[in-house]
Amino acid sequence: MIVILTGAGISQESGIATFRDSGGLWENESIEDVATPGGFARNPARVLDFYNQRRKQLLSPEIAPNAAHLALARLERESSEPVLVVTQNVDNLHECAGTSNLLHMHGELLKARCTACRGVSQWEVDMSKSDACPKCGTTGKLRPHIVWFEEMPLYMDEIEQALESCRLFVSIGTSGNVYPAAGFVRSARSAGAQTLELNLEKSVGASAFHDGRYGKASEIVPDWVDEVLSRQ
Ligand code: NAD
């Protein structure tokens, strides 16, 4: 099995700002205010507005999967061994490109979660404090289906199982700052996998990988996929 971890860098060339690079939405916002449970409890309207803006941006016509997302979808379709994509991204660009074996460990921007019934629903319009949950009808209990800082990422059991049994682990477009994702390379390596980093530049955790290739995701990911498929 090939396990691929993706981060904000794979969506950067699709027009979605990364987390730490300059010029993004995040530059003007503090993490504590918009991406923690405490920030939501203090000022839900501000947090909802922040995600409303991001959702609107994601749904705008100019945002589309780039060559890196498309190459990973091709890898899943054509590879003779199973491929799992684990993404830290909350956008839907992997699915739009055609990837189906996909785990959104940090949640999804186009979904809402009800804190009353815990139901998760598709949500593609602005969210407000007075909205009702489509599943249970309770009003005022919806939040973005986003894993905030201090919260536990999703699908950790499935991810750990996949890391224990993978032949190859590849990390694409992630700075290696956010745990537990930043620790996946060590889990995969200690289970015997080969490990490869594909990123614009060496990440803080680059030395944990056997190998690294550096450049724009839209160029280095399709090249790597071509190589993997031609070797199979
Ligand atoms: P990050 O911003 O910390 O790191 C992005 C990495 O991508 C950097 O190492 C950067 O050098 C690299 N990069 C930038 N442009 C690139 C390109 N064109 N090609 C290849 N690499 C490129 O992001 P992260 O590591 O994913 O962690 C940040 C957190 O923020 C995640 O938890 C994620 O959930 C969230 N986030 C998600 C999105 C999204 O859904 N698209 C966007 C921003 C942040």
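User: I have this predicted model open, and I'd like to begin with one residue. Leaving aside its neighbours within four places in sequence, which residues is Thr 174 in contact with?

Analyst: Look for residues that come together in space though they are apart in the chain. For Thr 174, leaving aside neighbours within four places in sequence, these are Leu 5, Gly 7, Gln 88, Asn 199 and Ser 203. With Gln 88 there is also a polar contact, side chain to side chain, at 2.9 Å.

User: Where does Thr 174 lie, and is Thr 174 buried or exposed?

Analyst: Thr 174 sits in the loop between strand E7 (168-172) and helix H7 (184-190). To judge burial, take the relative accessible area and ask if it is under 20%. Thr 174 has 11%, so this residue is buried.

User: Now the strands. In what order do they form the sheet?

Analyst: Walk across the sheet from one strand to the next. Here 6 strands form an open sheet in the order E3-E2-E1-E7-E8-E9, with parallel pairing. Strand E3 (102-104) and E9 each have a single partner strand, so they stand at the edges, and one side of each has no neighbour in the sheet. On average, neighbouring strands are turned by 15° against each other, direction ignored.

User: How many bridges join E2 to E3?

Analyst: There are 3, and the two strands run parallel. As an example of residues facing each other, Thr 87 is opposite His 104 in E3.

User: And what does E8 pair with at the other end of the sheet order?

Analyst: E8 (residues 194-199) has 5 of its 6 residues buried. It pairs with E7 in the parallel sense over 5 bridges, and Leu 196 in E8 is the bridge partner of Val 170. From E7 the chain passes through H7 to E8, making a right-handed β-α-β crossover. E8 also pairs with E9 (residues 211-214), again parallel, over 4 bridges; there Leu 196 stands opposite Asp 211.

User: How do I read a helix, say H4? Which of its residues are buried?

Analyst: In general, an α-helix has 3.6 residues a turn, so residues three or four places apart point the same way. In H4 the buried residues are Ala 68, His 69, Ala 71, Leu 72, Ala 73 and Leu 75.

User: What covers the buried residues of H4?

Analyst: The cover includes strands E1 (2-6), E2 (83-87) and E7, along with helices H5 (93-97) and H8 (217-231). H4 lies across E1, E2 and E7, running at about 165° to E1.

Methods: Residues numbered from 1 in each chain as written. Predicted model: local features only at pLDDT ≥ 70, side-chain atom pairs only at ≥ 80, totals over all residues. Heavy atoms only, no water. Buried < 20%, exposed > 50% of the residue type's maximum accessible area, 1.4 Å probe, protein only. Polar contact = N/O pair within 3.5 Å; in protein donor to acceptor, adjacent residues only side chain to side chain. Contact = heavy atoms within 4.5 Å. Pairing = 2+ DSSP bridges. Right-handed = clockwise from strand over helix to strand, strands pointing away. Axes fitted to C-alpha atoms, helices over the stretch in contact; angles between N-to-C directions.
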